[in-house]
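Colleague: Got a minute to walk me through this one? I'd like to talk strands and rings.

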Amino acid sequence: MKVSRLGYLSFTSADLPGWRRFGTGVIGAMDVPGTEGDVRLKIDEHPFRIRVEADDADRLSGIGWELASRADHDALYERLNGLGLKLRDGDAAGAAKRCVADYFATEDPAGNTIEFYCERTGCGDPFRSPAGVRGFVTGEMGLGHVVVPAAGALEETHGFYRSALGFGASDDLTIALPIDGVPPMRVLFMHADNPRHHSLALFSQPSPTGIVHLMLELEDIDEVGRCLDRVGAHGLGLMATLGRHCNDNMLSFYVNGPAGVAVEIGCEGLQLDWTRFEPTVSSVADHWGHAYRQLADGP
């Protein structure tokens with residue numbers, strides 16, 4: 001029993017209109033009306049992949065992980081319950097908000113809220129991008145990936161995802177800072193039970209929004225370029241310009257999204273056969289703040 005894929009991300013925000021403009025006008029997601037005034041962004045056949053509820057605090061409020069079957073869902077519940085975790089059973093109202101048959105939730109050792117389900121409901125209309133995006137790379141690989149903080153509990157949290165949830169190690173990245181006496185940053189990448197290089201990464205530093213970034217993968221560089229044009233047309237700033245990652249080969253850029261949430265938009269991410277893969281160790285000593293190498297260096 002392993003977690004299959006990243007299913008959805010839930011946020012709270014004081015700027016729902018900003019999320020809606022960013023989601024439809026920049027990302028190219030489809031705005032799906034919610035029942036309580038929330039923002040729901042659809043990028044494929046799922047009812048939505050990103051949900052934002054109104055609140056004074058701007059932060060990631062939940063990470064939805066999908067299990068392959070009811071048997072896997074129930075087995076994971078029993079495993080986590082046996083480990084003594086405080087599990088919260090989802091109610092009917094919460095399931096309806098998430099468009100899942102049912103779910104349960106808990107926190108990882110770093111305090112990140114994680115939720116588990118095995119069936120989405122209410123898929124609604126087919127995906128049609130208001131910005132003309134042909135499609136996102138999802139399917140068996142899920143939404144994309146998410147990077148969350150695990151300051152002060154990096155190794156413990158990494159061990160929890162590996163042993164309790166069945167994630168596999170993908171890469172251990174060190175980012176050296178150009179400041180004397182300041183220790184390097186570290187990012188631990190993990191894959192779920194699908195070919196995407198990583199669905200989750202843990203960052204050694206804190207984040208006020210509870211998220212370091214989320215990644216959405218487009219079909220090719222032409223789509224990435226058009227999205228970069230939309231970023232410019234909306235006057236948004238970049239956290240990192242276009243480049244290729246040194247570990248998963250993703251060709252991408254990072255845009256500063258609503259409430260300071262960074263969103264990576266990329267293509268060409270590695271898809272791997274885990275029976276033939278050995279976890280890697282990477283370093284970025286000459287680029288502060290992001291895990292990029294120049295295009296000429298290759299993966």
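Modeller: Sure, strand terms to start: two strands pair if DSSP finds at least two bridges between them, and strands are DSSP runs of E with at least two residues, numbered from the N terminus. This is a predicted model, so local features need pLDDT of at least 70, side-chain atom pairs count only at pLDDT 80 or more, and totals for chains, interfaces and linings use all residues. Residues are numbered from 1 along each chain as its sequence is written, and side-chain values use heavy atoms, leaving out hydrogens and water.

Colleague: OK, which residue stands opposite L202 in β12?

Modeller: L188 does. Strand β11 (residues 185-191) runs antiparallel to β12, with 4 bridges joining them.

Colleague: And how many bridges join β9 to β12?

Modeller: 4, and those strands run parallel. V147 has A201 as its bridge partner in β12.

Colleague: Which way do the β12 side chains point?

Modeller: L200 and L202 go one way, A201 and F203 the other, and all are buried (under 20% relative accessible area, 1.4 Å probe, protein chains only).

Colleague: Switching to rings: how many aromatic pairs?

Modeller: The count is 9, with ring centres within 6.5 Å, using the six-membered ring for Trp.

Colleague: Why is F160 with Y161 edge-to-face?

Modeller: Their planes sit at 80 degrees, with centres 5.4 Å apart; edge-to-face means over 60 degrees. F160 is buried at 9% relative accessible area, and Y161 is buried at 0%.

Colleague: Which residues cluster with those two?

Modeller: W65 and F167 join F160 and Y161 in one aromatic cluster.

Conventions. Rings of Phe, Tyr and Trp (its six-membered ring) pair if their centres lie within 6.5 Å; planes under 30 degrees apart count as stacked, over 60 as edge-to-face and the rest as tilted. Buried means under 20% relative accessible area, exposed over 50%, partly exposed in between (1.4 Å probe, protein chains only).
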